[in-house]
Amino acid sequence: MNEPTTGADARTDCSEALLRVYEYLDGELGPDDCAKIQAHLDECGPCLKEYDLDTTLKSLIKRSCGSEQAPETLRLTIMSRISTTVIRVDRG
Ligand SMILES: [Zn+2]
């Protein structure tokens, strides 16, 4: 679980990215972290594709990294999907 990450450009791994998406949907992430998630999703298709999250999340984050808030219903849908996904990722 606690693998050391060194260097500012260390890749965000998939489970961390998902957790950050969660935080992001909760409105806890700033623009920098938002950009990191976006970058991860851009270069790591499989981690979201597998859970059918990619299209929804990518478009949502792309929009919301500006200033738009995610619509409540969409936010809840994605959060419930992610919570399932994170559990599965954690179990390997
Ligand atoms: Zn990934």
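This is a short walk through a predicted model of one chain, from its confidence to its helices and its core.

I will start with how far to trust it. The average pLDDT over the chain is 73, and 67% of the residues score at least 70. Among the helices, helix 2, residues 31-43, has the highest confidence, with a mean of 83. Helix 3, residues 45-49, has the lowest, with a mean of 71. Then there is residues 4-9, where the pLDDT is below 50. That stretch has one contact in the model beyond near neighbours in sequence. Where pLDDT is low, the predicted coordinates should not be read in detail. I will leave that stretch there.

Now the layout. The chain has five helices and zero strands, so from the N terminus the order is simply α-α-α-α-α. Of the 92 residues, 17% count as buried. If you take the contacts with a separation of 6 or more, 58% of them join residues 24 or more positions apart.

Helix 1 next, residues 14-25. Does its length fit or clash with its twelve residues? At 1.5 Å a residue the helix should span 16 Å, and the end C-alpha atoms are 16 Å apart, so the two agree. Its buried residues are Ala17, Leu18, Val21, Tyr24 and Leu25. They cover an arc of only 115° around the axis, which means they sit on the same side of helix 1. The background is familiar: an α-helix has 3.6 residues a turn, so residues three or four places apart point the same way. Just after this helix comes Gly27, with a positive phi of about 80°.

Helix 2 can be read in the same manner. Its 13 residues should span 18 Å at 1.5 Å each, and its end C-alpha atoms are 18 Å apart, which agrees. Which of its residues are buried? They are Ile37, His40 and Leu41. Their arc is only 95° around the axis, so they too lie on the same side of helix 2. On the other side, Pro31, Asp32, Asp42 and Glu43 are exposed.

That brings me to the core. The largest nonpolar core has 14 residues. Those with the most contacts inside it are Val21, Tyr24, Ile37, Leu41, Leu57, Ile61 and Ile78. Helix 1, helix 2, helix 4 and helix 5 each give two or more residues to this core. Helix 1 supplies the largest share, five residues. As for Ile78, once its neighbours within four places in sequence are left aside, it is in contact with Leu25, Thr56, Leu57 and Leu60.

I will finish with two charged residues. Lys58 is in helix 4, residues 54-64. Is Lys58 buried or partly exposed? It has 16 C-beta neighbours inside 10 Å, and being buried takes 20 or more, so Lys58 counts as partly exposed. From C-alpha to C-alpha, Lys58 is 6.9 Å from Leu41, with the two 17 residues apart in sequence.

Arg81 is in helix 5. With 17 other C-beta atoms within 10 Å, Arg81 is partly exposed. Its C-alpha lies 7.9 Å from that of Leu53, and 28 residues separate the pair in sequence.

That is the end of the tour.

Methods. Residues are numbered from 1 along each chain as its sequence is written. This is a predicted model: local features need pLDDT of at least 70, side-chain atom pairs count only at pLDDT 80 or more; totals for chains, interfaces and linings use all residues. pLDDT is the predictor's confidence in each residue, from 0 to 100. Helices (H or I, at least four residues) and strands (E, at least two) are DSSP runs, numbered from the N terminus. Two residues are in contact if their C-beta atoms, placed from the backbone, lie within 7 Å. The expected span of a helix is 1.5 Å times one less than its number of residues. A residue is buried if 20 or more other C-beta atoms lie within 10 Å of its own, exposed if 12 or fewer, and partly exposed in between; C-beta atoms are placed from the backbone. The arc is that of the directions from the helix axis to the C-beta atoms. A nonpolar core is a set of buried Ala, Val, Leu, Ile, Met, Phe, Trp, Tyr and Cys residues joined through C-beta atoms within 7 Å.
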